[in-house]
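Good morning, everyone, and thank you for making time. I would like to walk you through one protein, and I will try to be careful about what each term means.

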Amino acid sequence: MSEKQTLGFQAEVSQLLQLMIHSLYSNKEIFLRELISNASDAADKLRFEAINNAGLFESDSELKIKVTFDKAARTITIADNGIGMSRDDAVTHLGTIAKSGTKEFFSKLSGDQQKDAAMIGQFGVGFYSGFIVADKITVESRRAGLAANEGVRWESAGTGDFSVETINKEDRGTAITLHLREGEDEFLSAWKLKSVIRTYSDHISLPILMQKEEWDEEKKEMALKDELETVNQASALWARSKSDVTPEQYTEFYKHISHDYTAPLTHTHNRVEGRSEYTQLLYIPSRAPFDLWDRNKRGGIKLYVKRVFIMDDAEQLMPVYLRFVKGIIDSNDLPLNVSREILQESRDIKAIRDGSTKRVLGMLEDLANAEGDEAESKKEKYATFWKEFGQVLKEGIGEDHANKDRIAALLRFASTHNDSDAQNVSLADYIARAKEGQDKIYYVTAENYAAAKNSPHLEIFRKKGVEVLLLTDRVDEWMLSFLTEFEGKTLTSVAKGDLDLGKLEDEAEKKQHEETETQFKELVEKMKTSLADKAKDVRVTFRLTDSPACLVADENELSGNLVRMLKAAGQ
Ligand code: ADP
Ligand code: MG
């Protein structure tokens, strides 16, 4: 089929385009970053496919990106010699959002421009950002390996539809031409384009070429020459030494790999030598992605082997409970033709994964336990981290036996010590404040903060001034089945069994308790008989000060809260 065809965008695409043009307008120069980012991805894909099929390079193996503009025609063109697109590719990739979670994405939009703009970034709909400044986009492309007469021209005004036709294209790759909207002429300037490229795309490892400019004495203006110059640093950012990378460059690189518009909280960049040699550049985002809880979601680590991009979302490189970490790992040892199956068994991968896990925990500890100058801002970052990802980190208590103690030290809880639901008390804080002779860490679990705070089980602890942690996250019950002690102190539910306050009870109290028990023995026996099929046991209690009675779970039984959760889950 070679004739011209007009096709409608999927409904979501049209919706997205409108939203994008409005919400991203104040940041419009990012279109260039998005298109350059796609060109760079296309080069990565070609290099990867060429590992097993060198013929794909044709006679042109120096991958690069060229940015040109035409003042008279009022166009900007971004051209690459990467993998390119076939006619079918163009229809699917540029006419649909062929990504999972589209529906969910739309349901998350808030109507708040700033928030939605960030969401759009996360979702990775970069190509369409061209329509912020263009009222028509023409894409000409040919996929590597296809004949010259199997090129495609895709064109759209970004309203309801787009056209595709088969064209002749000698050179492999993609050229994207933006026909600028009225009033966007500021981009028809080498100086402007260069400065945008340097700001957002300096980290791109391919050379980005532009025409050189020279002063024309006769016309008294800058004139473009045929000669090209490289306007970015054009080396893999992670391969540079730390001192050669600015904080801004680290941030832009994060945005490039993560599709997140907000700056990350922190990063770690290391070259690891020894049995396994690799470079890691890992980031902690400042915001949870909308699909954090999607079970099919893979991790956010890109795997490279000796600078060659191998795969996205290499889930073997990071444990599931650290799935929020974004970054790249570049191995010197793995074979270039490594597959997901090989990764599963590789000992090098296991070493990389263990090493990276430790680095991430180290990064979090650095924020959580910060001292000195930056302590304030780091602790604030940790609070943000905890709010966004704390519940995921908790999964590590059950998942990562080797690092359990380190993870436990990073946990933060709401507590009776505070008068708010903020989760900011660590187990170490708790122990430091514990009463003389207190050998346990007390907690209560409940469905929400109000229920936890008002639990009758807390009465005796209030009276004695003993702190109790208030646990209300869904994962807490599950986590607690793995977290039984911290620094020698057992974690003890205030709602379970025969509460033993141990040394917190003084001699006089103990004696008084014994007397009371004898005094009520007969009554308790009677109640046991009449409640025989409803309650397992009836006891005199000293844990209450105001309430007349409360239900407690047996030492080895599921707690009331867990039973409620299981019921809710239909078990
Ligand atoms: P993303 O980059 O997150 O996939 P984009 O909207 O930026 O989303 O791009 C959509 C798709 O269009 C890409 O995944 C790719 O398949 C295709 N594409 C865009 N630009 C290029 C290009 N320069 N070369 C090859 N394919 C491209
Ligand atoms: Mg993109």
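I will begin with the overall picture, then turn to the cores, and finish with some helices.

This is a predicted model, in which local features need pLDDT of at least 70 and side-chain atom pairs count only at pLDDT 80 or more, while totals for chains, interfaces and linings use all residues. Residues are numbered from 1 along each chain as its sequence is written, and chains are lettered from A and ligands numbered from 1 in the order in which they are written.

The protein has 18 helices and 19 strands, where helices (H or I, at least four residues) and strands (E, at least two) are DSSP runs numbered from the N terminus. Of its 571 residues, 34% are buried, and by buried I mean that 20 or more other C-beta atoms, placed from the backbone, lie within 10 Å of the residue's own, with 12 or fewer counting as exposed and anything in between as partly exposed.

Where, then, is the largest nonpolar core? A nonpolar core is a set of buried Ala, Val, Leu, Ile, Met, Phe, Trp, Tyr and Cys residues joined through C-beta atoms within 7 Å, and the largest has 64 residues, with V325, V444, V468 and L469 making the most contacts inside it. Its largest share, six residues, comes from helix α10, residues 375-399. Apart from this core lies another, of 51 residues, which include L24, L63, L178 and L206.

Helix α10 also meets helix α9, residues 347-368, their axes coming within 7 Å and crossing at roughly 125°; the axes are lines fitted to C-alpha atoms over the stretch in contact, with angles running from 0 to 180 degrees between N-to-C directions. That makes α9 oblique to α10, since angles under 35 degrees count as roughly parallel, over 145 as roughly antiparallel, 65 to 115 as roughly perpendicular and the rest as oblique. On the α9 side the contact (C-beta atoms, placed from the backbone, within 7 Å) is made by L364, L367 and A368, and on the α10 side by K378, K381, Y382 and F385.

Finally, helix α2, residues 30-50, has 16 of its 21 residues buried, so it is largely enclosed by the rest of the structure. One residue of α2 is I30, which is buried, with 20 other C-beta atoms within 10 Å. Leaving aside neighbours within four places in sequence, I30 is in contact with L24, S129 and Y200, and although I30 and Y200 are 170 residues apart along the chain, their C-alpha atoms are separated by 7.7 Å.

Key:
Two residues are in contact if their C-beta atoms, placed from the backbone, lie within 7 Å.
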